[in-house]
Structure formats: structure tokens, C-alpha cells
Amino acid sequence: MFAVYAAEPSPENPLASLRVGERPDPEVPAGWVRVAVKAASLNMHDLWTLRGVGIKPEQFPMILGCDGAGVLDDGTEVVLHSVIGDPNWAGEETLDPKRSLLTEKHQGTFADHVVVPARNALPKPADLSFAEAACMGTAWLTAYRMLFVKSGLRPGQTMLVQGASGGVSTALIQLGRAAGFRVWVTGRTEEKRALASSLGAHDVFESGARLPERVDAVFETVGKATWSHSMKALKPGGIVVISGATSGDASAAELQRLFFLQLRVVGSTMGTREELGDLMRFCAINGLKPQIGAELKFEDAEQGFRSMLDGDTAGKIVFSRP
């Protein structure tokens, strides 16, 4: 079958291991289902896979793609939940020590077909296109969990999103606006800040700018480049929720500020199957649809990967079939 895959780990030049070509058709284990992929969205996780992060060398070649939407063999349209857990785990799904994402142990969605546990294929809402539905499982679910499960924010409070144009950031802006928060956003360029405003941000600022007042919560996916600004932006008792560090680990933890102002730092990773269902219902109630910055053919995958590597995004990058 046709697939977009990583041939080998390439830490210094991730695109050097990107391949577009044929891979074996997947076998379908008992309790799993085969999905004909109609659309799949690109995530930073795919670049990390190309670099060999979170995956053992012997697991290559690995078909890329954490997210997707498609059709079961019986014609049912589905959205994929990317977290593959231990079926015997009874606790909170994201805390399962044996959990993995698609592309870490199991082949991903950038292919004609993908196989997943039957419980990981959720009904696709009728009001979402396949391209829109393909954005739900990682970026939007991560944003939903950060905002509604981890932050403890109340409507009317102020949130700051560091970074204006990535998949998680654009989801946070749209979800936060719909939920009644005052949404502030930082962005590196005028174009990125304009995008944030168009998605519902109440105010936008240059990266690192002094804010008019301190905020109740900061949402972080950037890391080193924005961490000090995030800590300085918080009110006493405020919270920073972090789900990524695309610019690297913070060089200083700002511990004196942390303890003196009684700040809280909370990590957040993906979300549960139930939260994905709640997210899609929330979007339907509020008429929300993901911001798609580029929709490309699977055959043009390298173009999408290069845009993400260069930080040239304006929402989600999606690969689709006609």
C-alpha cells in the first residue's frame, strides 16, 4: 500500500529519512479494525519520529502520522484516538505506563490503511469534514485537556497562549474563546498575530512583550524560548500548563519566582478517549472547526513537513485523499 514513512532515525536532518512509497498491507489483530484513511494531520511528533525520538531503531521503517479520520470496512466514518493503551490497564488512560501513540510502536496513519484497537475508532461527527476530523485526535485533544482538565480556569479569567499559529495554539484560542475566557496570545510575526485575532483572541502581543496585566494561566508548548516570559506573566497563585517544548528545555526553572508567588506548573499529555468524545461534542455545540493552514495530497508530504520544520504554519497541516 502507499505510505509516507520514516526509513531510519535521522537526528540532525529529519527530512533526510522521509520516504514516500510502498509498504506492506497491515494485518488486523483480533479486537482491532482496519481504517481506510481519508485524511491525516501532521504533528511535531512526526518530526520527532524522523529524528528517532521516542522510537527504538529496530522499529524502523515506521509509517508516520498520529492522527487520522477515515472509513471502516463496513462503511462507518470514524475519527481515530491516537493513544494505544494496555487493555488490562484500569486507571487514568494517559497515566498507563505501557501506553504509546501511533508511530511509537504501531504503524501510523499516513497510508492507505491503518489498524487500531476497535475502541480507538470513534464515530465521526457529521458536521466535520474528514480533514477537520483528522485534527481532533492530537492537537485539539491536547488543547482540550490543557484547558478544561488541567488548568482549573473559570470563565471570565485571562489565559495567555504562547505561540499563535501552531495546531495546539490555534485550538486553545478557539476553545478558550468559546468557553468564555479572555484570550491573550503572543506571536513572532504580524501575520501570526493576525491569525490569532481572526480565531478569536481578544488581544495579541509580540513574543516576550510586557503585558498590560498578569494572567491567571499560561499555556506553553514552546519551552526555552518563552519560559521566562511565561513565569513573569502569571499572577500570584497562577498556573502554567505545558504540553510541549518545541524550542528545547528551559535553561532556568525560575524557582525563586515559583515558590515566592506560589505559582503552579502542570504537565499535560494528550487526553483520554472520553475526553476526545467530549471535545467533539463541545465543538458541535459551539460550531467550532479546526483552523487548517494547508491541505495537501499525501504525495506532497515533504512540503508539509518542511513547512512545520521551518515554523511556517497557520494552523494544522493536513494530508487528504480526493
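The exercises below, each with a worked solution, concern strand pairing, helix packing and aromatic pairs in a predicted model.

Residues are numbered from 1 along each chain as its sequence is written, and side-chain values use heavy atoms, with hydrogens and water left out. Because the model is predicted, local features need pLDDT of at least 70 and side-chain atom pairs count only at pLDDT 80 or more, whereas totals for chains, interfaces and linings use all residues.

**Exercise 1. Determine how strand β9 is placed and how strand β3 is joined to it.**

Begin with the elements: strands are DSSP runs of E with at least two residues, helices runs of H or I with at least four, numbered from the N terminus. Strand β9 covers residues 113-117, and four of its five residues are buried, so β9 is largely enclosed by the rest of the structure; buried means under 20% relative accessible area, exposed over 50% and partly exposed in between, with a 1.4 Å probe and protein chains only. Next, take the pairing, which requires at least two DSSP bridges between two strands: β3 (residues 32-41) runs antiparallel to β9 and is joined to it by five bridges. Finally, for W32 the bridge partner in β9 is P117.

**Exercise 2. Describe the packing of helices α4 and α8.**

Start with the geometry: α4 (residues 167-179) and α8 (residues 273-286) pack at an angle of about 65°, and their axes are 11 Å apart, where axes are lines fitted to C-alpha atoms over the stretch in contact and angles run from 0 to 180 degrees between N-to-C directions. Then list the contacts (heavy atoms within 4.5 Å): L175, A178 and A179 of α4 meet L279, F282 and N286 of α8.

**Exercise 3. Analyse the aromatic pairs F110–F305 and F148–F282.**

The whole structure holds eight aromatic pairs, counted when ring centres of Phe, Tyr or Trp (its six-membered ring) lie within 6.5 Å, with planes under 30 degrees apart called stacked, over 60 edge-to-face and the rest tilted. First, F110 and F305 are edge-to-face, at 6.3 Å centre to centre and 85° between the planes. F110 lies in the loop between β8 (100-101) and β9, and F305 in helix α9 (residues 301-309), so this pair ties together parts 195 residues apart in sequence. F110 is buried at 0% relative accessible area, and F305 is likewise buried at 0%. Second, F148 and F282 form a tilted pair, 5.3 Å centre to centre with 55° between the planes. F148 is partly exposed at 30%, whereas F282 is buried at 19%.
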